Amino acid sequence: MNIKNLYSVLLIFFFCIAKINAQEVLTIEEAMKIALENNFEIKIAKNNSKISETNVTIGNAGMLPVATASVTDNNSITNSSQTRQDGTTTSLDNAKNNSLNYGVSLGWTVFDGMKMFARLDQLKELQKLGDAELKRTILLKIAQVNSAYYDLVQQQQQLAALDTTIVISNQRLELAKNRFTIGKASKLEVLNAQVDLNSDQVALLRQKESYINSKILLNQYLARDPKIDFKVTDQLSVDDKLIFADLLDLAQKQNPALEAQIINKRIAELELKQVKADRYPVINLTTGYNFAESQSSLGFTSEASSRGLNYGFNASLNIFDGFNQHRNEKVAKLQIENSQIAIEQQNMILNTQLSTAFQTYLTNIELIELEDDNEEIAKQNLSITLDKFRIGTITTLEFRTAQLNYVNAKVRYSNAQYQAKLSEIALKELAGNISF
């Protein structure tokens, strides 16, 4: 090799090393942190929660007085005539008239059957409902990020398995060519080895395509540029110590869907209180200070003005409204009953989801151990088969079978870990217990 070629090889080598080092190694903790900061649905849910929090004020509940400033200015130009009692007539064309009224008024509902207090409590419950919805959205998106992240870990492991099988296929092709050169193998053996190598390369390309597309999907969940390249960790660990009774207890306390149904029942109960408040009188206090000025071109008074304070109160009581009060209370009670039914239904759904997810989780934990053993056996079998193939005591078909068995065993083991991780994520999401 001349100096120029050596320089080119070294340049390519260092370029590849720099490219690998430039790739960001994204941990699951970093991915969740980015999602919490950037994810669009989480941002919307946060703003909705802030809206519910902002609405919790005594003014919104109707407890504070309302002050209003008003001004009214009326002007007119008319042709007018007046006939007095003595028979005299006065007329004026283009007579100008104007009146100006302005002032401030204050109204305050001091009693409405305690409806305003029930309304304030309802606003507080609506804030809790917004917090529960935010929590549900965060749990859903964090679970989504976890699933997408560990899917990449699994695919990365499968890429490594396919890389291994291509190395073995290249060794097999070289052996076949050497055996053909010295007359110990036919051309058919070389061609078969080449076809199998090409098939392995096709499988690797398909897996790389899937891996890149999965990266783009994870970038979407993280709400960042889909072109950002990164690597994920190589290890996929599964929590195999989950206990059903503990998960069920946590779900009863902090599952956001169940929590939302419980809050909805309290909101319905407060709605009934507000409906019942309509049976009581409503008392309003009013006061104000007003100014009035008027000018008239024709009449006994050409100018007038007044100013002064006014005050008073009014009270009203619903005596009969066509039985609507009774109907409204009945509907509100039925809404409470529906809320209780929804809680029971959500409890049943939650128990069912937890039970099925936990059974799947147990099965996947067992499959991890089984597939781990299968991978080790397939690895030993491939090693023995490769030694035998080198000395020519087995056929190429037997070697290819051992090779594919090893690759499939590695893929199945990786997939078993991934499926168990998905089960773990699903259980923790239902229990409202995903760490982030």
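## Exercises on helices, burial and a pocket

**Exercise 1.** Which span is expected for α5, and which is found between its end C-alpha atoms?

Solution. The expected span of a helix is 1.5 Å times one less than its number of residues. With 35 residues, α5 should span 51 Å, and its end C-alpha atoms are 52 Å apart, which agrees. Helices here are DSSP runs (H or I, at least four residues), numbered from the N terminus. After α5 comes A223, with a positive phi near 55 degrees.

The model is predicted, so local features need pLDDT of at least 70 and side-chain atom pairs count only at pLDDT 80 or more, while totals for chains, interfaces and linings use all residues. Residues are numbered from 1 along each chain as its sequence is written, and side-chain values use heavy atoms, with hydrogens and water left out.

**Exercise 2.** Is D196 buried or exposed, and with which residues is D196 in contact beyond its neighbours within four places in sequence?

Solution. Step one: D196 lies in helix α5 (residues 187–221). Step two: buried means under 20% relative accessible area and exposed over 50% (1.4 Å probe, protein chains only). D196 has 16%, so D196 is buried. Step three: contact means heavy atoms within 4.5 Å. Neighbours within four places in sequence aside, D196 touches R172 and R400.

Step four turns to R172, a residue of helix α4. R172 counts as buried because its relative accessibility is 2%. Its contacts, again without neighbours within four places in sequence, are N192, A193, D196, F389, T396, F399 and R400.

**Exercise 3.** Which residues of α3 are buried, and what covers them?

Solution. Step one: the 15 residues of helix α3 (residues 40–54) should span 21 Å, and its end C-alpha atoms are 21 Å apart, which agrees. Step two: the buried residues of α3 are I42, A45, S49 and S52. They cover an arc of only 80 degrees around the axis, so they are on the same side of α3; the arc is that of the directions from the helix axis to the C-beta atoms. Step three: α2 (28–38) and α4 (115–181) are included in what covers these buried residues. Step four: the face turned away from the buried side carries the exposed residues F40, I44, K50 and T54.

Note on methods: Helices (H or I, at least four residues) and strands (E, at least two) are DSSP runs, numbered from the N terminus.
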